[in-house]
Amino acid sequence: MLKISGLEKTFNPGTVNAKTALAGLDLYLEDGDFVTVIGGNGAGKSTLLNAIAGVWKPDFGKIELDGLDITGMPEHKRAKFLGRVFQDPMMGTAPDMEIAENLAIAARRGTKRRFVWGIKKGERERYKELLATLELGLESRLTSKVGLLSGGQRQAVTLLMATLNRPKLLLLDEHTAALDPKTASKVLKLTDKIVSENKLTTLMITHNMHDAIAYGNRLIMMHEGRVVVDVSGEEKKKLTIEQLLQLFEQSSGSKFGSDKAILSK
Amino acid sequence: MAFLNALPGAVAQGLIWGLVAIGIYISYKILDIADLSVDGSFATGACICVVAIANGVPVWLSIILSFLAGAVAGAVTGLLHTALGVPSILAGILTQLSLYSINLQLIMGGRSNFPFSSIPFYTGNTDFTPDSLLLRMSDKVASIIVPLLFVAAVIVLLWLFFYTEIGLTIKSTGDNPAMSKAQGVNINLNKVIGLAISNGIVALAGALLAQYQGFADVTMGTGAIVIGLAAIFIGLSVSLKIKPNFVVSLIGVVGGSIVYYVIFTVVMLLGLHTNYLKLLSAMIVAIFLAVPYLKKEYFSKRKHQRVSVAVESESEGGDADA
Ligand SMILES: Nc1ncnc2c1ncn2[C@@H]1O[C@H](COP(=O)(O)OP(=O)(O)O)[C@@H](O)[C@H]1O
Ligand SMILES: [Mg+2]
C-alpha cells in the first residue's frame, strides 16, 4: 500500500549546517499494518513522516500510495489520503474555532470546498456521538473554542479529525509525548481502539520502547536516516526491550549508550 | 453646539471608514496578514467610482465596479505573496505603489483630484446631476442611512459567508495554517480569496467616501491601514469583553470607527488641525499594540525574577552554575 524507495533528504545542502536526515530509506507497508517507529533523537523519524505528508519534496526517491506516485503532489492535495497527528497538541486544531467547526473542516478533507453551508443539519449529532466515544465530556461542548481545551483533549480531537474521513494512511508523530503520563496512556489506548476498529494502516512514532512493543503488528527502528531494524508478527510479539537494544547495536554498529536517555523504557 | 453640528458628519465618516475597518479585519484578524494594499485600493475604489459615473455608468454599477477593482488588487497582492513568494508586507506595498500610478494615470487620466461637479467640463456628460449620487455631505440623513445600509449588508453577507465550507477554511487558514494543510485546505488559494474580499470592501468604502465628500483624490487612501487598525483596536477593546463572536466583533469594529471619528471631531473643535488626523491614528495604533506587549514584558520579567530567586534558594551551598 505504501511503497517508499531510495528516499533522500538533506537540509541546508552545501552549507556547514548540511544535515542528511534521510539517507536512501526504503519502506514497504502492507494494507492494515500498524507500524511503530522508534529511533534516537535526530534519526530522521519526523522527516520521514513529513516527506510522506508532503511538507517538502525529497531530494531523491519515490513515494507511492496504492500504486499512485505522490512524491511531488502538493501537501494539501495528498491530505486526501492521510490522517495526521503532530507532537505539538497546538498544531492539529484551529484554536479560535469551535470544536464542531474543526470537525466539519476535517470531515471534508479530500473534497472540494464549496459555497454551501459548512456544517449541515445532522452533522452535529454525528459529532456528538463521536466525541462521546472519547469519554472526555466533549460531547456537550460542540460550540466551545478548541483553544479552551487541554492538551490531551486537543490531541484526542485531532485524532478524531485525522480519522473522521477514513485515511488510507494514519501518521502519528510522537502524538502523546507532550502529554502527562496518565493522559498520554489514555490517548494511546484511544489511538489503538480507533486504528483497530477502522483497520487503519498506521505509522506511529514513539520514544517509548515499551509502547513500541506493546502496540502495532510491526516495529521499525531508524538510525541516521535509514531503517535498521524491522520486526513483525510473532517475533514482534515476543520482543523484549533488552532484545531491542541488542538488535539496535548489531545493526547500527554503535552502542546505544547516548541514545538511552532519549529512548525511555 | 458646534459639536452637535459636526456629529452627523463624524458618524457618516465613521460608518464609511467602518467598512474599511471590516475589510482590514478580514486580512489582519482572520488571515493574520498585515495587508498594506488597502491604502491603494481605497483610492482605487474612489477613482473608479467618479470616473465611471463621469462616463455615464449608473451609480450603483459604478460602486460594483469599485468593489471588483479592489478585489482584483487584493488578489494581485495575494498572488504576489503565495505564487511568487514575496513576503506579505512587501506584496502589499508593491500593490499599493502600483495602484498609485494606476489610479493617477490609467483611471483618472493624469488628474490627481476629480470632483463630481467638474464632470461636465471633463467629459461633456451634461446628463450628470449630483442628485443621482447615493449620498452627499449636504444631505445629512442620506449620508448616515446609506453607509449604515452598506455596513449592515456587508456584515450579514460576511457572517453568512464565513459559515460556508469555503468560509470556514478561510478562517482556519489564518488560525492554523499547518492544520489547514493537513486537512486538505489550499491555504494559498484561500489567502487570495480573503485578500480579494478584504480589498473589495475597502474599495467599496472608497466609492462611498468619494460620493460623500464630492470628489476622488489619488492620495485619499494614505494611511487607510492605520486608521482601519485604530478602529479595530478601539472596537475590539469593548466588543471582545461583551462576546467574542464574529458579528459582535464586526459591529464593534464599526463602532470603533465611529468613536474614532467622534474623538477626532472633538479634538479638531478644540483647535487641532485636520492634518494631524494621521498622526493621531498612528499614535492610537502604537498605543494599542504597545500596551499588551509591555504588560507581557513586565509580567514575564517579574515571573523570571521569582524563578531565579527560587533557583538560588534551591542550590544553596552548592557551586553556582549560573
Ligand atoms: N526543517 C529542518 N531544517 C534543518 N534541519 C532539519 C529540519 N528538520 C529536521 N532537521 C534535521 O534533520 C535531522 C533529523 O530530524 P528529525 O527527522 O526531526 O529527527 P527525529 O528522528 O528526532 O524525529 C536532525 O538532525 C534535524 O536537526
Ligand atoms: Mg521527531
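In this predicted model, the lining of the second largest pocket comprises 13 nonpolar, 7 polar and 2 charged residues. The volume of this second largest pocket is about 460 Å³. Its lining numbers 22 residues, and those closest to the centre are Gln13(B), Gln213(B), Tyr261(B), Thr274(B) and Leu277(B). Several elements of chain B contribute two or more residues each: H1, helix H9 (187-213), strand S2 (215-217), H11 and helix H12 (277-314). H1(B) provides the most, with 5 residues.

The largest pocket encloses about 870 Å³ of space. It is lined by 30 residues. Closest to its centre are Asp96(A), Lys145(A), Tyr25(B), Pro244(B) and Ser249(B). By class, the lining of the largest pocket holds 16 nonpolar, 6 polar and 8 charged residues. Four helices of chain B each give at least two residues to this lining. They are helix H1 (2-30), helix H7 (165-175), helix H10 (224-242) and helix H11 (246-269). The top contributor is H10(B), with 5 residues. H1 and H11 of chain B thus appear in the lining of the largest pocket and also in that of the second largest pocket.

Enclosed space was examined next. Across the whole structure, 1 cavity of 30 Å³ or more is found. The largest cavity has a volume of about 50 Å³. Its lining consists of Glu174(A), His175(A), Thr176(A), Ala177(A), Leu188(A), Met204(A), Ile205(A), Thr206(A) and His207(A). These lining residues divide into 4 nonpolar, 4 polar and 1 charged.

Ligand 1 is surrounded by residues of chain A. Phe11(A), Asn12(A), Lys19(A) and Ala21(A) are among them. The run from Gly40(A) through Asn41(A), Gly42(A), Ala43(A), Gly44(A), Lys45(A) and Ser46(A) to Thr47(A) also belongs to this group. Three polar approaches to oxygen atoms of the ligand can be described. For Ala43(A), a backbone N or O atom is 3.2 Å from an oxygen atom of ligand 1. For Lys45(A), a polar backbone atom lies 2.8 Å from an oxygen atom of the ligand. In Ser46(A), it is an N or O atom of the side chain that lies 2.8 Å from an oxygen atom of ligand 1.

Some of these ligand neighbours, Lys45(A) and Thr47(A) among them, also belong to the buried residues of H1(A). Helix H1 of chain A covers residues 45-53. It is largely enclosed by the rest of the structure, because 7 of its 9 residues are buried. Besides Lys45(A) and Thr47(A), the buried residues are Leu48(A), Leu49(A), Ala51(A), Ile52(A) and Ala53(A). Just beyond H1(A) comes Gly54(A), with a positive phi of about 85°.

Positive phi values also occur at residues other than glycine. Asn12(A), one of the residues around ligand 1, has a phi near 50°. Asn12(A) sits in the loop that joins strand S1 (2-11) and strand S2 (19-29) of chain A. Its relative accessibility is 45%, so Asn12(A) counts as partly exposed. Glu135(A) is not a glycine either, and its phi is positive at about 55°. Glu135(A) lies in the loop between helix H4 (123-134) and helix H5 (151-164) of chain A. With a relative accessible area of 63%, Glu135(A) is exposed.

Finally, the cysteines were considered. The search of the whole structure finds 0 disulfides over all chains. Cys47(B) takes part in no disulfide, and the nearest cysteine sulfur, in Cys49(B), is 9.9 Å away. From the side of Cys49(B), the closest cysteine sulfur is that of Cys47(B), and a separation of 9.9 Å is too far for a bond. Cys47(B) has 0% relative accessibility, so it counts as buried. Cys49(B), also at 0% relative accessibility, is buried too.

Conventions
Residues are numbered from 1 along each chain as its sequence is written. Chains are lettered from A and ligands numbered from 1 in the order in which they are written. This is a predicted model: local features need pLDDT of at least 70, side-chain atom pairs count only at pLDDT 80 or more; totals for chains, interfaces and linings use all residues. Side-chain values use heavy atoms; hydrogens and water are left out. On a 1 Å grid over the protein atoms alone, a cavity is a set of points where a 1.4 Å probe fits but cannot get out, and a pocket is an open set with protein on both sides within 12 Å along at least five of seven lines; lining residues have an atom within 4 Å of a point. Grid points are joined across faces, edges and corners, and a volume is the space filled by probe spheres set on the points. Ala, Val, Leu, Ile, Met, Phe, Trp, Tyr, Cys and Pro count as nonpolar, Asp, Glu, Lys and Arg as charged, and the others, Gly among them, as polar. A disulfide is a pair of cysteine sulfur atoms within 2.5 Å. Buried means under 20% relative accessible area, exposed over 50%, partly exposed in between (1.4 Å probe, protein chains only). A residue is near a molecule or strand if one of its heavy atoms lies within 4 Å of it. A polar contact is a pair of N or O atoms within 3.5 Å; within protein, one must be able to donate a hydrogen and the other to accept it, and residues adjacent in sequence count only if both atoms are side-chain atoms.
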